[in-house]
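The following exercises concern a single protein model. Each sets a task and then works through its solution step by step.

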Amino acid sequence: MVLAALLALAGVLPMTLAADIETCDGEQGNDLADFIKAEVSDCSDDTPKCPLYRGKNVSITLKFKTKKEIKEVQHIVHGTVAGVPVPFPLASPDACQNTGLQCPLQVGEHTYNYALFVKPIYPKLKVSVKWELKNEDHKNIVCINIPSELKDSQ
């Protein structure tokens, strides 16, 4: 339930990360793709944690550039609370459905969009969000950690 916070990807630029967002390995790319940026609604450069407002939608945009064709993309999201990773089940594991991605991904730039309603019943707490896009071999295309906080709507 807390995992809705996983959708809190704040605005990220390759060298300047909002809300202390970091790529999972500290690198901007790998052998599959280069990370370009991430944007999250209600999150800015001067925000220490991305706010996830209960009772509101959170939208996430990831931009990246693939280096080779990728047949399938899955999105996997975890929230880490008190050091324990908790999986967040998305509507479908297929990141090529209703996200703007069209599989197979050809070499070049791509934009991934996801929106989620943060249920009002979710508890107010701080959570680290790990958002991954993986290929058909379960290798990371993009992986980001986002410090977030579930809050009441403003």
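**Exercise 1. An aromatic cluster**

Ring pairs link Y112, Y114 and W131 into a cluster. The model is a predicted one, in which local features need pLDDT of at least 70 and side-chain atom pairs count only at pLDDT 80 or more, while totals for chains, interfaces and linings use all residues. Residues are numbered from 1 along each chain as its sequence is written, and side-chain values use heavy atoms, with hydrogens and water left out.

Task. Classify the pair formed by the rings of Y112 and Y114, and state whether each residue is buried or exposed.

Solution. Step 1: recall the rule. Rings of Phe, Tyr and Trp (its six-membered ring) pair if their centres lie within 6.5 Å; planes under 30 degrees apart count as stacked, over 60 as edge-to-face and the rest as tilted. The rule yields three aromatic pairs.

Step 2: apply the rule. The centres of the Y112 and Y114 rings are 6.5 Å apart and their planes stand at 10°, so this pair is stacked.

Step 3: consider accessibility, for which buried means under 20% relative accessible area, exposed over 50%, and partly exposed in between (1.4 Å probe, protein chains only). Y112 has a relative accessibility of 0% and therefore counts as buried. Y114 is buried as well, because its relative accessible area is 13%.

**Exercise 2. The fold and its core**

Task. Describe the secondary structure, and determine which elements supply the largest nonpolar core.

Solution. Step 1: count the elements. Helices (H or I, at least four residues) and strands (E, at least two) are DSSP runs, numbered from the N terminus. The protein has zero helices and nine strands, in the order β-β-β-β-β-β-β-β-β along the sequence.

Step 2: assess burial and contact range. Of the 154 residues, 44% count as buried. With contact taken as heavy atoms within 4.5 Å, residues 24 or more positions apart account for 74% of the contacts with a separation of 6 or more.

Step 3: locate the core, defined as a set of buried Ala, Val, Leu, Ile, Met, Phe, Trp, Tyr and Cys residues joined through side-chain atoms within 4.5 Å. The largest one holds 36 residues, and L62, F64, V73, Y112, W131, L133 and I141 touch the most other members. Two or more residues come from each of β2 (33-40), β3 (50-54), β4 (57-66), β7 (108-117), β8 (126-134) and β9 (140-152). The largest share, five residues, belongs to β9.

Step 4: inspect one member. Beyond its neighbours within four places in sequence, L133 is in contact with residues including L62, F64, V73, Y112 and I141.

**Exercise 3. The partners of β5**

Task. Which strands pair with β5, and in what sense?

Solution. Step 1: strands pair if DSSP finds at least two bridges between them. Strand β5 (residues 74-81) pairs with β8 in the antiparallel sense over seven bridges, and G79 stands opposite V129 in β8.

Step 2: β5 also pairs with β6 (residues 84-88), again antiparallel, over five bridges. Here V77 stands opposite F88 in β6.

Step 3: examine the turn. The hairpin of β5 and β6 has two residues between the strands, and A82 takes a positive phi near 55° there.

**Exercise 4. Two polar side chains**

Task. State where N135 and D34 lie, and whether each is buried or partly exposed.

Solution. Step 1: N135 lies in the loop between β8 and β9. N135 is buried because its relative accessible area is 5%. Apart from neighbours within four places in sequence, N135 is in contact with L32, I70, E72 and I141.

Step 2: a polar atom of the N135 side chain lies 2.9 Å from the backbone nitrogen of D137.

Step 3: D34 belongs to strand β2. With a relative accessible area of 32%, D34 is partly exposed. The C-alpha atoms of D34 and K65 are separated by 5.2 Å, although the two residues are 31 residues apart along the chain.

Step 4: the D34 side chain makes a polar contact with the side chain of K67 (3.3 Å). Such a contact is a pair of N or O atoms within 3.5 Å; within protein, one must be able to donate a hydrogen and the other to accept it, and residues adjacent in sequence count only if both atoms are side-chain atoms.
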